[in-house]
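Let's take a walk through this structure together, from the whole chain down to a few chosen residues. Please have the viewer open as you read.

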Amino acid sequence: MLFSRITGTGGYLPERVMTNAELETMVDTSDAWITARSGIKERRIAAEDEYTCDLAEKASLKAIQAAGKTCDEIDLIVVATSTPDVVFPSTACLLQERLGVIGPPAFDVQAVCAGFLFAVDVADKFIRTQSAKCALVVGAETFSRILDWSDRQTCVLFGDGAGAVILEPGDEPGILSTHLHSDGRFKDLLCVPTGVSRNYQKLQDGGAYVTMEGGEVFRWAVTAMSDIVKETLNANSMTLDQVDWLVPHQANSRIISAIGKRLGLSESKVIITVEKHGNTSAASVPLALDEGVRDSRIKPGNFVLIEGFGGGFTWGSAMIKM
């Protein structure tokens, strides 16, 4: 049986740092309030002439280099994003051009903050069915472009960034299992209620912003992300103490802490990066994974459980042997 495995990771954050102190001058908030509610101290903001594809390209090149591959060896590109450069072509196709990858399939996946998990699932199936031999999977966002900077409930939480991985086939399991879920009944609790086909005039008027019912989203995220950990462990006949690292969606330190308490998991086994870049949506999991790999906390042979939760609602996980 053929399996897929992660052979390289990469991440990129824009140069501009927006601190809580800067936000204090823009909206009715404070460093203490933001830190207490989210654990976030700063976030990165893309430059005016820097777009989602730019971030994706820089993260991708790092992952490609880490895997010891060249761009012409890539035969699949899947980009998870909710903030594409344009309506179409897909950000994946724009990235394909940048990398000089001619011919193989390239497409976007839109599952908001869980998007990277959905993209990994798709690429894993391409590898397992021998439809691809070297897949580039990216989560990239310029979420700052869809924030209402007068809404302190949302603007303090999000930032821009990109993370990427290379998947290749192997005889031993790397991606042990993937688990995906969605529930559209809760679509209004976290959304951008403006689009090309619906509420188009708001888009024309520059009103395409994130709206969120924070308390409801918090409760759902904690429940869904705790339950999917149990689902993933059961699917692999594993116990929590066999997991070396949990890499959760970096939305909010309180959510991550609540998940740990529900599961009885020590924070020493959780990769947490939200303090430094906020919620980067589809980029948050691959960014955290890359940081854990590059600072040598995550080592070859480790069992790593990654998970994400986003608007839709969407949520997903994967058990990985590095």
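Contact, in what follows, means that heavy atoms lie within 4.5 Å. Please keep in mind as well that this is a predicted model.

With that meaning of contact in hand, let's go to alanine 224, a residue of helix H7, which spans residues 214-235. Setting aside the neighbours within four places in sequence, alanine 224 is in contact with Phe309 and Trp315. Is alanine 224 buried or exposed? Its relative accessible area is 5%, and the cut-off for buried is under 20%, so alanine 224 counts as buried. For a sense of distance, you can also pick arginine 128, which is 96 residues away from alanine 224 along the chain. The C-alpha atoms of these two residues are separated by 27 Å.

Now let's step back to the whole chain. It is built with 10 helices and 13 strands. Why can the overall fold be called consistent with a compact globule? For 322 residues, such a globule would have a radius of gyration near 20 Å, and the chain has 18 Å, which agrees. Along the principal axes, the C-alpha atoms fill a box of roughly 55 × 45 × 35 Å. Of the 322 residues, 54% count as buried. Contacts between residues at least 6 apart in sequence join residues at least 24 apart in 76% of cases.

On the outside, the accessible surface comes to about 13500 Å², and 51% of that belongs to carbon and sulfur atoms. As for charge, there are 30 positive and 41 negative side chains, and the centres of these two sets lie 5 Å apart.

Next, please find threonine 142 in strand E6, which covers residues 135-142. Threonine 142 has a relative accessible area of 4%, and therefore it is buried. Which side chain makes a polar contact with the side chain of threonine 142? The partner is the side chain of threonine 52, at 2.9 Å. Beyond its neighbours within four places in sequence, threonine 142 also has contacts that include Ala46, Tyr51, Leu55, Thr83 and Asp160.

Our last stop is helix H10, residues 284-294. Eight of its 11 residues are buried, so H10 is largely enclosed by the rest of the structure. Among the buried residues of H10 are Val285, Pro286, Leu287 and Gly292. Just after H10 you will meet serine 296, which takes a positive phi of about 70 degrees.

Conventions. Residues are numbered from 1 along each chain as its sequence is written. This is a predicted model: local features need pLDDT of at least 70, side-chain atom pairs count only at pLDDT 80 or more; totals for chains, interfaces and linings use all residues. Side-chain values use heavy atoms; hydrogens and water are left out. Helices (H or I, at least four residues) and strands (E, at least two) are DSSP runs, numbered from the N terminus. The radius of gyration is taken over C-alpha atoms; the globule rule is 2.2 Å times the number of residues to the power 0.38. Buried means under 20% relative accessible area, exposed over 50%, partly exposed in between (1.4 Å probe, protein chains only). Accessible areas come from the Shrake-Rupley method with a 1.4 Å probe; for residues, only the protein chains shown count as cover. Lys and Arg count as positive and Asp and Glu as negative; His and the chain ends are not counted. The place of a charge is taken as NZ of Lys, CZ of Arg, CG of Asp or CD of Glu. A polar contact is a pair of N or O atoms within 3.5 Å; within protein, one must be able to donate a hydrogen and the other to accept it, and residues adjacent in sequence count only if both atoms are side-chain atoms.
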